[in-house]
Amino acid sequence: MIDSHAHFCLVLEHGGEIKSSLEALRLAIDIGSTHSDLPERYNCLKDYPHILLAGGMGPWETGEKDNPKSINQITSELNILKDYIIKYNVKFIGETGLDNHYEYGTVELQEYLFREQLELSYKLSKPVLIHNREADDSIIYDLLNIKHYHTGIIHCYSGNLKLMNTAISEGFYISYAGNITYKSNSYLRDTLEYVPIDRLLVETDSPYLPPVPLRGTVNIPLNVKYVYKCISEVLNIHEEKLIEQVHSNFMNFCNM
Ligand SMILES: [Zn+2]
């Protein structure tokens, strides 16, 4: 199994264990959240070459709504991030994106930070890993108007069909997380049939979003098996077949 989006170090920080996941997963992406987390993540995972590193600043890096960072601070943090991305030769830019649910910083600062990283993905020829919460229209606009590398992932998919179609025509993959297993999220399961099977990816977003039946626990990457199980049931395909399909999608995505 692959896990296309996990935060291994944060799993440890939240009191979870990662050893079983490191042993059992075939490949995974360890996702960046802040401008400064790469050295620690590199040290934690350097003996596990099947865990691929990403580096990025999420929308939370614009500060709090009541206390947004200055544009100068964000720019200098972006420069730190760029240096680390080059120093550690990470394969992907992310996560980055827009979040209107938690209203970090300001809308303008979030846009600035996201667009800078889209352009960075273009300049460095690295796929971009996108976080979207309740910002479908802005993400669509940016995918159509801001230069970016020709592929990437919309992670923890929760968007509408217009965003899905735009992302797919822009070369992106659609990744589903543990929240697709939640009883109340039938709308998410309903979007599955619109994803071309060769663009589908599966993730945990651990330590967040533990899937059914593990809600309330610290999520670990190995729990991705419950997400595969749910998706295989909805799509009515054999679980092993789905695992193979997603693996080959991931290999294509990474150009491996
Ligand atoms: Zn994440």
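In this predicted model, strands S6 (residues 92-99) and S7 (residues 128-133) run parallel and are stitched together by five bridges. One spot to look at in this pairing is Leu98, which sits opposite Asn132 of S7. On its other side, S6 pairs with S3, again in the parallel sense, this time over two bridges. Here Ala54 has Phe92 of S6 as its bridge partner.

Zooming out, these strands belong to an open sheet of eight strands, paired in parallel and ordered S1-S2-S3-S6-S7-S8-S9-S10. The edges are taken by S1 (2-6) and S10, each of which pairs on one side only. From one strand to the next, the twist averages 25°.

Strand S3 (residues 51-55) is a good place to look at how the sheet is packed. Five of its five residues are buried, so S3 is largely enclosed by the rest of the structure. Taken by direction, Ile51, Leu53 and Gly55 point one way while Leu52 and Ala54 point the other, and all of them are buried. S3 also pairs with S2 (residues 27-30), in parallel and through three bridges. Within that pairing, Asp30 is matched with Leu53 of S3. To get from S2 to S3 the chain passes through helix H3 (residues 38-45), and the resulting β-α-β crossover is right-handed.

Further along the sheet, S9 (residues 173-176) shows a similar kind of burial: Tyr173 and Ser175 cover one side, Ile174 and Tyr176 the other, and all four count as buried. S8 (residues 152-154) is joined to S9 by two bridges, with the strands parallel. Ile153 finds its bridge partner in Tyr173 of S9. Helix H7 (residues 161-169) carries the chain from S8 over to S9 in a right-handed β-α-β crossover. With S10, S9 forms three bridges, and this pair is parallel too. Tyr176 faces Val202 of S10 in this arrangement. S9, helix H8 (residues 186-191) and S10 together make up another β-α-β unit, also right-handed.

Two residues of S10 are worth following out of the sheet. Leu200 belongs to this strand, which spans residues 200-202. It has 21 C-beta neighbours inside 10 Å and therefore counts as buried. Leaving aside residues up to four places away in sequence, Leu200 touches Ile174, Val195, Val246 and Asn249. The last of these, Asn249, is 49 residues away along the chain from Leu200, yet their C-alpha atoms are separated by 7.0 Å. Val202 has its own list of partners beyond four places in sequence: Ser4, Ser175, Tyr176, Val224, Val227, Tyr228, Ile231 and Val246.

Val202 turns up again in the largest nonpolar core, which holds 66 residues. The members that touch the most other members are Ala54, Leu129, Ile174, Leu201, Val202, Val227 and Ile231. Several strands already described feed into this list: Ala54 comes from S3 and Ile174 from S9.

A contrast to the buried strands is offered by Gly63, which lies in S4 (residues 63-64). With 16 C-beta neighbours inside 10 Å, Gly63 falls into the partly exposed class. Its contacts, again not counting residues up to four places away in sequence, are Pro68, Lys69, Tyr104 and Gly105. Gln73 is 10 residues from Gly63 in sequence, and the C-alpha atoms of the two are 10 Å apart.

As for the chain as a whole, the count comes to 10 helices and 10 strands. The radius of gyration is 17 Å, close to the 18 Å that the globule rule gives for 256 residues, so the chain is as compact as a globular protein of that length. Along the principal axes, the C-alpha atoms fill a box of roughly 50 × 40 × 35 Å. Burial is assigned to 46% of the 256 residues. Among contacts with a separation of 6 or more, 72% come from residues 24 or more positions apart.

Notes. Residues are numbered from 1 along each chain as its sequence is written. This is a predicted model: local features need pLDDT of at least 70, side-chain atom pairs count only at pLDDT 80 or more; totals for chains, interfaces and linings use all residues. The radius of gyration is taken over C-alpha atoms; the globule rule is 2.2 Å times the number of residues to the power 0.38. A residue is buried if 20 or more other C-beta atoms lie within 10 Å of its own, exposed if 12 or fewer, and partly exposed in between; C-beta atoms are placed from the backbone. Two residues are in contact if their C-beta atoms, placed from the backbone, lie within 7 Å. A nonpolar core is a set of buried Ala, Val, Leu, Ile, Met, Phe, Trp, Tyr and Cys residues joined through C-beta atoms within 7 Å. Two strands pair if DSSP finds at least two bridges between them. A crossover is right-handed if, with the strands pointing away from the viewer, the path from the first strand over the helix to the second runs clockwise. Axes are lines fitted to C-alpha atoms, for helices over the stretch in contact, and angles run from 0 to 180 degrees between N-to-C directions.
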